[in-house]
Amino acid sequence: MSQPTIRLATPADAETLAALGARTFCETFAHLYDPADLSAFLAEAYDVPRTRRDLADPAKASWLVEAGGQAIGYASVGPCGLPHPEVTPACGELKRIYFLKDRQGGGLGKALFATAIDWLQADGPRAVWIGVWSENFGAQRFYERHGFTKVGEYGFAVGKTVDREFILRRPAESFSKSSPHSAEVRHNFA
């Protein structure tokens, strides 16, 4: 099998990214929601035209992780949209990072996370925000090890279900351009 690669997604990847996003969301969270609510959420959150517009937006970026000609993971970043009073237009957000269930582990998450953080810091240090499900303890520990702290909570609605989400932030001053490993991470997302 060929070595996995990470590449910047383009608008031509919209169908692939939308399908992968819906599949990984279902693999991770489908058991939590009413099927009708889940279907409506997926239709909106992973809509192909919406995904294509996001991929064409220079303020946003997504990457695909591919192995053997198949997309197995992705990450998306952009301006912070989390509901917190300290969010400014200069803030960045790691919006999504997912792998197919059978491809989790092995260090791919580390490389993908570092790629996303490096992109967010390319024009100089800025605060990075992340929303994480309150029950995703592994992700919370990972982000804490990499300088993120909990600064708030909000409700993430999927139909009638409202999940408790934590808002995490790493301040701009913690990202140093002088350190080539400032975004380095150690996590396998397993």
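This is a short tour of the structure you have open, one selection at a time. Keep in mind as you click around that the model is predicted.

**Stop 1: the whole chain**

Start with everything selected and shown as a cartoon. You should find 5 helices and 7 strands. Trace the chain from its beginning and the elements come in the order β-α-α-α-β-β-β-α-β-α-β-β. How compact is the chain? Its radius of gyration is 16 Å, close to the 16 Å that the globule rule gives for 190 residues, so the chain is as compact as a globular protein of that length.

Now rotate the view and show the C-alpha trace. Along its principal axes, that trace spans about 45 × 40 × 30 Å. Switch on the surface if your viewer has one: the chain exposes about 9,600 Å², and 53% of that area comes from carbon and sulfur atoms. As for what is hidden, 45% of the 190 residues count as buried.

Here's one more thing to look for before zooming in. Take the contacts with a separation of 6 or more: 66% of them join residues 24 or more positions apart.

**Stop 2: helix H1**

Select residues 14-29, which make up helix H1. Pick out Leu-17 in this helix. Is Leu-17 buried or exposed? Its relative accessible area is 5%, under the 20% cut-off, so Leu-17 counts as buried. Show the side chains around Leu-17 and you'll see what it touches beyond its sequence neighbours: Thr-51, Leu-55, Ser-62, Leu-64 and Tyr-74. For a sense of scale, draw a distance from Leu-17 to Glu-173: they are 156 residues apart in sequence and 32 Å apart in space, C-alpha to C-alpha.

Stay on H1 and click Cys-26, which lies in this helix too. With a relative accessible area of 26%, Cys-26 falls between the 20% and 50% cut-offs, so it is called partly exposed. Which residues does Cys-26 touch, leaving out those up to four places away in sequence? The answer is Leu-38 and Leu-42. Try another distance here, from Cys-26 to Ser-39: these two are 13 residues apart along the chain, and their C-alpha atoms are separated by 9.8 Å.

**Stop 3: strand E7 and what follows**

Jump to residues 161-170, strand E7, and highlight Arg-169. Setting aside neighbours within four places in sequence, Arg-169 has a long list of contacts to select: His-84, Glu-86, Val-128, Trp-129, Gly-147, Phe-148, Thr-149 and Val-151. Check Val-87 as well: it is 82 residues from Arg-169 along the chain, with 9.7 Å between their C-alpha atoms.

Carry on into the segment after E7, where you'll meet Phe-175. Phe-175 has a relative accessible area of 5%, which is under 20%, so this residue is buried. Around Phe-175, again ignoring neighbours within four places, are its contacts Ile-117, Gln-121, Pro-125, Arg-126, Val-128 and Arg-170. One of these, Arg-126, is 49 residues from Phe-175 in sequence and 7.5 Å away in space, C-alpha to C-alpha.

**Stop 4: the largest pocket**

Last stop: some empty space. Rolling a probe the size of a water molecule over the atoms shows where empty space is left. To find the largest pocket, select Lys-95, Arg-96, Ile-97, Tyr-98 and Gly-131, the lining residues that lie nearest its centre. The pocket holds about 1,300 Å³ of space, and 47 residues line it.

Which strand gives the most to this lining? Colour residues 92-99 to see it: strand E4 supplies 7 residues. Finally, colour the lining by class, and you'll get 26 nonpolar, 11 polar and 10 charged residues.

Note on methods. Residues are numbered from 1 along each chain as its sequence is written. This is a predicted model: local features need pLDDT of at least 70, side-chain atom pairs count only at pLDDT 80 or more; totals for chains, interfaces and linings use all residues. Side-chain values use heavy atoms; hydrogens and water are left out. On a 1 Å grid over the protein atoms alone, a cavity is a set of points where a 1.4 Å probe fits but cannot get out, and a pocket is an open set with protein on both sides within 12 Å along at least five of seven lines; lining residues have an atom within 4 Å of a point. Grid points are joined across faces, edges and corners, and a volume is the space filled by probe spheres set on the points. Helices (H or I, at least four residues) and strands (E, at least two) are DSSP runs, numbered from the N terminus. Ala, Val, Leu, Ile, Met, Phe, Trp, Tyr, Cys and Pro count as nonpolar, Asp, Glu, Lys and Arg as charged, and the others, Gly among them, as polar. The radius of gyration is taken over C-alpha atoms; the globule rule is 2.2 Å times the number of residues to the power 0.38. Buried means under 20% relative accessible area, exposed over 50%, partly exposed in between (1.4 Å probe, protein chains only). Contact means heavy atoms within 4.5 Å. Accessible areas come from the Shrake-Rupley method with a 1.4 Å probe; for residues, only the protein chains shown count as cover.
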